[in-house]
Structures are given as structure tokens and as C-alpha cells.
Amino acid sequence: MVKQKEDLLQQKSPAEFFADNRTIAGFDNPGKCLYTTIRELVENGLDAAESISQLPEIEITVTEISQQQLNRMRGVTNHDRIDEELYQDFETDGVKQKRLAKEAKEMERLEKQAAKRGDTAAALDGKKKELEVKRAQASRADKVFFQVTVRDNGMGMAHKDIPDMLGRVLSGTKYGVKQTRGKFGLGAKMALIWSKMSTGLPIEVTSARPGSATRSYFKLDLDIQRNQPNVHEQKLLDNSDGWHGAELSVIIAGNWQYYRAKVLKYLQQIAVITPYAQFEFAFQAEDEKNSIRVTFARRTTTMPQPPKATKHHPSSVDLELIKRLAASTPCTSLISFLSKEFDCISRDLAEKIPLEMRCDPSTSPAELTSKQIVAMHDLLHQLRFHNPDGAHLSPAGEYNLRLGIMKELRPEMVATHQGAVGVHEGHAFIVEAAISVGGRNIKPGLNIHRFSNRIPLLFEGGSDVITRTAIKRINWSQYKINQTSDKVGVFVSLVSTKIPFKGAGKEYIADDVEEIQLAVRTAIQQCCVQLKNKITKQQAARDQRQRKKNLTKYIPNVAAALFTVLQAVADRKEDEQAAKRRRRDEEAEEVVLGVRSGDVTEPTLVARLQQHVEQIDVDMALEYQLQQGVTEAAKLEAHLMPLSARHAYGPEAHCDVGVIRRLQEL
Ligand SMILES: Nc1ncnc2c1ncn2[C@@H]1O[C@H](COP(=O)(O)OP(=O)(O)OP(=O)(O)O)[C@@H](O)[C@H]1O
């Protein structure tokens with residue numbers, strides 16, 4: 001029987017699979033491909049720097065390249081068009097008229113809107129320019145390409161490993177049980193696959209290990225069918241200046257116009273979670289006026305402890321993993337195998353497990369039969385073990401998180417919380433959260449920022465455990481936060497040796513892991529409790545200010561009215577006065593006498609009323625303190641110290657509650 005074409009058995013290499021299913025890895029459309037390429041290369045740079053405890057310095061350059069330029073690079077001749085009408089961007093006269101009319105209308109609308117809002121001429125010009133750029137980009141016939149170059153100061157790559165690291169899908173150094181940004185051994189290769197698919201150009205890599213006298217240069221691409229690197233050029237260059245790190249450069253199709261905001265947001269968020277890193281970003285447009293240069297400056301040199309590799313927790317192992325470990329271990333007995341290859345198995349316990357399996361404890365792991373491996377697997381899933389302690393994890397830390405938020409958003413208030421170590425399928429995890437209120441570039445409502453293993457997640461937020469928890473499982477009003485009108489920043493970061501991502505694109509964290517769900521909720525709630533305290537105090541202070549303002553507003557009128565009355569009394573004849581004298585107390589009598597002698601005037605009344613309002617303030621503050629308990633309310637954090645050796649303490653001011661010393665420059 002002749003086989004039908006569709007019956008033919010075919011095989012795909014991993015590279016082919018990911019080339020056909022780019023979306024899985026976050027390479028959906030040209031714009032998203034540009035974004036993900038930047039992201040993957042930046043995260044590799046951060047991992048590489050942190051792995052040698054180096055404060056990361058990441059330079060990202062995105063250079064716009066026109067179709068003509070690209071053709072020149074590829075040695076393809078640029079031809080003039082013979083028949084314009086064949087091209088997608090050809091406009092008939094009618095279509096052109098319609099477009100021009102639409103643009104004129106849009107301009108008119110902008111002008112009206114600006115007049116209504118009272119915008120300045122410069123603001124209006126800015127908007128018009130934006131419109132023109134959009135129009136120019138939309139009408140451009142040429143496709144736009146980008147050279148993405150990312151340079152870091154990390155550990156670099158060994159010369160011999162570079163082709164495999166970057167030219168073979170599913171190869172990397174981050175597969176162990178360790179918290180890293182990268183995991184799958186895919187990201188950089190996807191950028192290369194996309195460059196192959198969209199421009200056909202190879203990747204260029206320069207790298208040096210710390211202390212290396214040479215730096216490696218490679219130009220390579222990836223044979224998608226065979227899933228193997230294809231080296232075009234390689235050389236060893238001089239490294240006498242002692243540089244270490246890596247610089248990767250790819251040329252890909254992309255869309256800057258639609259993904260500009262996402263790229264900048266990503267960089268801002270990665271700057272929030274890694275305030276100890278310095279990011280230099282440059283976008284070089286063909287037209288210089290559209291170029292951008294942004295620096296996300298380092299604000300601290302305190303780096304979290306680098307994550308450490310740990311061992312597999314017995315409750316998380318599967319049959320295949322046990323087989324693999326048993327075949328590769330140098331241990332010669334089951335006792336040492338169990339105690340050395342697994343986390344949370346003490347020597348004591350390791351001696352008991354083989355007995356439970358009805359196995360000789362001195363059996364070599366390499367000699368375990370399939371049945372014994374099955375027995376070990378079943379047993380490991382039935383026994384009780386300590387949970388991993390999370391010491392190998394590296395959360396950003398409340399200090400860094402707060403610092404990052406303060407530097408990027410400048411909120412009015414911020415609260416942070418780091419939760420206890422949790423466990424999911426034998427992998428330890430830690431959830432950290434920060435909630436901010438107010439700040440720049442933040443919209444009213446909940447602004448949710450998600451991080452996993454210290455990378456920002458910007459897409460598919462709707463299904464993420466953090467978004468869903470913040471929106472559905474927190475009763476914000478209980479903490480005096482209005483989730484629709486207050487500008488609330490919700491920052492949640494999860495670190496673990498295994499993040500339950502949905503998809504290889506690492507875009508969002510599953511919402512079905514109860515332990516993580518609960519930890520996220522608790523961390524947010526803990527921040528909210530801290531904020532509620534601050535908000536209550538702030539509200540009380542605001543109410544007080546308002547009351548004072550209201551009272552002060554009426555002082556001139558009240559003083560004038562009062563003075564008129566007092567004057568009328570003072571002007572009455574003596575006998576009338578005598579008749580009424582008995583009814584007035586002495587204090588009032590004194591005031592009337594004052595008015596008569598000219599000592600009490602209208603301004604005197606104004607001053608006394610103002611004094612009275614001030615006094616009410618002080619009384620209320622005291623009353624508040626008594627209600628709150630003196631220690632709580634009277635405590636005010638203050639940090640006073642000389643700015644430098646050139647400062648000394650000056651004169652002292654004494655008051656009931658303490659002494660204030662003023663700093664003086666020498
Ligand atoms: N800038 C770099 N410095 C040092 N090593 C790097 C750098 N970029 C990549 N590598 C090495 O190349 C390997 C493959 O990188 P790749 O981006 O393909 O995958 P990954 O980072 O391991 O995982 P993921 O697909 O989850 O990002 C990395 O594991 C790392 O060892």
C-alpha cells in the first residue's frame with residue numbers, strides 16, 4: 001500500500017519545534033519578539049553578573065535599521081520599484097484624500113482639546129509632533145529592523161561552550177535546583193531563531209571570563225533542522241584591559257512603535273527589583289530626533305546574597321530523576337546516595353530508608369533494579385521529611401524593594417513585607433510584597449507589578465496569581481484604601497527554585513497553587529495593615545488642618561462683629577453701665593474697659609482668636625496622644641547626624657519633650 005503524504009512519520013528537532021511555536025516562548029509578533037529578545041538578553045546579563053557577586057552593569061542598545069540598510073548588510077541589491085501599484089503601501093487618489101481629511105480632523109480635534117484644557121503652545125506642538133511621527137511610521141513602506149546589543153559585566157562564557165550555549169536549543173547552565181532568572185536554556189536561542197527567520201543574519205558574541213587574557217569572538221547561527229550551532233567565524237582577541245562579561249548582538253525584525261512603552265516599563269520595573277544594578281538604555285532611531293537614552297541608575301551597592309544550588313527534595317522527585325541520579329552519582333552505597341544527593345535526608349534517616357525498602361543499605365545505587373527504584377520512589381513520596389528551609393533562595397529583600405520603589409515612583413507612602421518560607425512540591429519559595437500609595441506616573445486604582453525570581457512579568461497578568469489575589473482576595477477598603485480612586489502600587493515578588501509558570505515564555509504564574517496563593521495574600525495584607533496605620537494618622541492630620549482652615553477663615557468677620565458689639569457697650573453712658581454692671585463678670589468688664597481706653601482694638605481680637613484656634617490644635621493633639629497611648633503617638637522617627645566632618649552641633653533649643661540641637665557648618 002502506498003503511504004499517503006500525511007501518514008509519513010516525521011520528526012522535529014527542538015529548534016524546529018520552537019521555531020514553529022514561537023508564541024510558547026513569548027515570540028508572538030515582531031513587536032513582542034523585540035521586547036522578548038531584549039528581556040532574555042538583559043536577564044542573562046543579570047544572572048551572569050550576580051553569579052560572581054558583581055554589581056550588574058547592563059548596556060542595552062537598540063538601533064533602528066531600514067530595509068535598505070539591512071539589504072546592504074546581507075549583500076542584497078536594493079531595486080527601485082517598477083510598478084508602484086503592486087505594493088501594499090500604494091494609495092489611490094481617493095484613499096489619499098480620505099487619509100488627509102482624517103488627519104486634518106484629528107489635528108483640529110487636538111487643537112480644540114488643547115484650547116479647552118488651556119495647554120501651552122509647546123504642549124500642543126508636542127502632540128502634533130507625536131501625531132506626525134505616528135503617521136510617518138504607519139505610512140512607511142519599509143519594514144523596520146533592529147540591532148539589539150546587550151553588554152554585561154558578568155562571568156562570561158568559556159570559549160569552547162559558546163557555540164552550544166547560544167546555538168543549541170535547550171542547552172544552558174541553569175538546570176539545577178537553583179533560583180535563577182533563566183531556566184529552560186531557550187531564551188538567547190529563541191532570539192537567534194527569530195533573527196534567522198526574520199533577517200537571516202547570525203548572532204555576534206564577544207565574551208571573556210574573569211581573569212582571562214583573551215576574549216572570545218563568535219559569529220554563529222543555528223541550524224534549525226539539526227538543532228546545532230553553525231559557526232561562521234571565531235577568534236580570540238586580546239583582553240589586556242581585563243574586561244569580563246558578554247556582549248551579544250542580534251539583528252531582528254521588530255516594532256518599536258507599539259512596544260516602546262512595554263520595553264521602557266520593563267526596564268523601569270527591573271530597575272525597581274534590582275536597585276543595585278545600573279541600566280543604560282539607548283534607542284537609536286534613523287531620525288535622530290526619535291532617539292532615546294535612559295539611565296536607570298544604581299541606588300545601592302547592597303546586593304542580595306546570590307542564590308545557592310540546592311539538592312532535590314525527596315518529596316519532589318520522580319522516577320526518571322531517581323534513575324538519573326542513581327546512574328550519575330559517585331556514591332557507592334544507598335546510605336551515602338540518599339544523604340548526599342537529596343535535601344533534608346539526614347544520615348540517620350538514610351540508614352532507615354533502605355531497610356524500609358527491604359534493601360541492603362550497602363547496595364550501590366548504580367546496581368538498583370527498576371523495581372527497587374520504583375520502591376524507592378513510592379517510599380520517598382510516603383515518608384515525612386523536613387521542609388526545605390529556603391536558605392538557598394535570594395529574595396530582593398524589603399530594603400531593596402522599598403528603595404527601588406522610592407527611586408522609580410516616589411510614592412507618598414510605602415509598606416513592605418517578606419513572608420515566611422513556603423513549600424510547593426518540595427521547592428521552597430518566598431513571597432515579598434510592597435504596597436505604595438501615590439507617586440509619579442501612576443494611575444488611580446490598583447497598579448499591579450509582578451516579579452518572579454526578580455524578573456518583571458508584564459504580559460498575561462489577568463490569569464496570574466498576583467493579579468487575581470490583589471483584585472479578588474483583598475478587601476482594600478478594610479485598610480482605608482480606595483482601590484479605584486487611590487493611586488495604589490502593588491508589588492509582589494516570588495522567588496523559588498521552581499516557579500509554576502504557565503508556558504515557556506515565563507509570562508505569568510499559575511493561580512492554582514494554594515500555598516502560593518495564600519502566601520501572596522498574606523504578604524499583601526501585612527503591607528496593608530502597616531499602611532492603614534499611616535493612612536489613619538494622615539487622615540487625622542488632614543482633618544485637623546481643614547478644621548483649622550475653616551476656623552481661621554471666619555476670624556476677621558467674627559472679630560469685626562465682636563468689636564462692634566464691644567464698642568457699642570463701651571460707648572453707653574455711665575449710669576446705664578452701672579445698672580448692667582452686676583450682670584457682667586469681671587473679665588468682660590476688663591475687655592469693655594480695654595475697648596474704651598483703646599487697648600483692645602479689632603486687630604487685638606483677631607490676634608487673640610488666632611491664638612485660640614492654635615490652642616485648640618494643641619489640645620486636640622494632646623487628647624489624641626492620650627487616646628493612642630503616649631508612647632505610640634509621641635514617638636516620631638527622626639534622624640539627625642552631621643552631614644560631614646565639616647559640621648558641628650550649634651545652639652540648643654529646649655522644650656518640654658526634649659532638646660533640639662542645630663547643625664552648623666564649620
Ligand atoms: N550574558 C551571558 N553571560 C554568561 N553566560 C550566558 C550569557 N547569556 C547566556 N549565557 C549562557 O548561555 C546559556 C543559555 O542561555 P539561554 O538564554 O538560551 O537560556 P537560559 O538563560 O539558561 O534559560 P531561559 O531560556 O529560561 O532564559 C545560559 O544558561 C548561560 O549559561
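**Figure 1. The buried residues of helix H10 and what covers them.** In this predicted model, helix H10 spans residues 334-341. Leu-334, Ile-335, Phe-337, Leu-338 and Glu-341 of H10 are buried. So what sits over these residues? The cover includes helix H9 (319-328) and helix H11 (347-356).

**Figure 2. Cys-344, a residue with positive phi in the loop between H10 and H11.** Step off H10 towards H11 and you run into Cys-344, which has its place in the loop between the two helices. Its phi is near 65°, a positive value in a residue that isn't glycine. Is Cys-344 buried, exposed or partly exposed? It counts as partly exposed, because 17 C-beta neighbours lie inside 10 Å, while 20 or more would be needed for buried and 12 or fewer for exposed.

**Figure 3. Asn-441, in the loop between strands S11 and S12.** Here's another loop residue with positive phi: Asn-441, at a value near 50°, and again this is a residue other than glycine. The loop runs between strand S11 (427-437) and strand S12 (445-452). With 11 other C-beta atoms within 10 Å, Asn-441 is exposed, since the cut-off for that class is 12 or fewer.

**Figure 4. The shell around the ligand.** Zoom in on the ligand and you'll find 22 residues surrounding it, the closest being Asn-44, Ala-48, Gly-172, Gly-182 and Gly-187. Which elements give two or more residues to this shell? They are helix H2 (30-50) and helix H7 (187-198). H2 provides the largest share, with four residues. As for the chemistry of the shell, eight of its residues are nonpolar, nine are polar and five are charged.

**Figure 5. Leu-34 of helix H2 and its contacts from elsewhere in the sequence.** Staying with H2, this view picks out Leu-34, which lies in that helix. Leu-34 counts as buried because it has 28 C-beta neighbours inside 10 Å, against a cut-off of 20 or more. Which residues does Leu-34 contact, once its neighbours within four places in sequence are set aside? Phe-146, Ile-252, Gly-254, Asn-255, Trp-256 and Tyr-259 make up that list. You can also pick out Ile-251 here: it's 217 residues away from Leu-34 in sequence, yet the two C-alpha atoms are 9.8 Å apart in space.

**Figure 6. Glu-59 on strand S1.** Glu-59 has its place in strand S1, residues 57-66. Leave out residues up to four places away in sequence, and Glu-59 touches Arg-151 and Glu-280. Val-42 is 17 residues from Glu-59 along the chain, with 8.6 Å separating their C-alpha atoms. Glu-59 is partly exposed, because 18 other C-beta atoms lie within 10 Å of its own.

**Figure 7. Helix H8 crossing helix H13.** H8 covers residues 256-273 and H13 covers residues 398-409; their axes come within 7 Å and cross at roughly 140°. That angle makes H8 oblique to H13, because only angles over 145 degrees count as roughly antiparallel. On the H8 side, the contact is made by Gln-268, Ala-271, Val-272 and Ile-273, and on the H13 side by Gly-404, Ile-405 and Glu-408. Sorted by class, the contact has four nonpolar, two polar and one charged residues.

**Figure 8. Helix H15 meeting helix H17.** Here the axes of H15 (residues 514-571) and H17 (residues 586-597) come within 9 Å and cross at roughly 85°. The two helices are therefore roughly perpendicular to each other. H15 brings Leu-566, Gln-567, Val-569 and Ala-570 to the contact, and H17 brings Val-591, Val-592, Val-595 and Arg-596. How does this contact divide by class? It has six nonpolar residues, one polar and one charged.

**Figure 9. Zooming back out to the whole protein.** To place the close-ups, the domain assignment gives domain 1 (14-73 + 143-296), domain 2 (314-382) and domain 3 (411-622). The C-alpha centres of domain 1 and domain 2 lie 41 Å apart. Overall, the secondary structure comes to 19 helices and 16 strands. Buried residues make up 33% of the protein's 666 residues. Of the contacts with a separation of 6 or more, 75% are between residues 24 or more positions apart.

How values were computed. Residues are numbered from 1 along each chain as its sequence is written. This is a predicted model: local features need pLDDT of at least 70, side-chain atom pairs count only at pLDDT 80 or more; totals for chains, interfaces and linings use all residues. A residue is near a molecule or strand if its C-beta atom, placed from the backbone, lies within 6 Å of it. Ala, Val, Leu, Ile, Met, Phe, Trp, Tyr, Cys and Pro count as nonpolar, Asp, Glu, Lys and Arg as charged, and the others, Gly among them, as polar. Two residues are in contact if their C-beta atoms, placed from the backbone, lie within 7 Å. Domain bounds come from an automatic or database domain assignment. Axes are lines fitted to C-alpha atoms, for helices over the stretch in contact, and angles run from 0 to 180 degrees between N-to-C directions. Angles under 35 degrees count as roughly parallel, over 145 as roughly antiparallel, 65 to 115 as roughly perpendicular and the rest as oblique.
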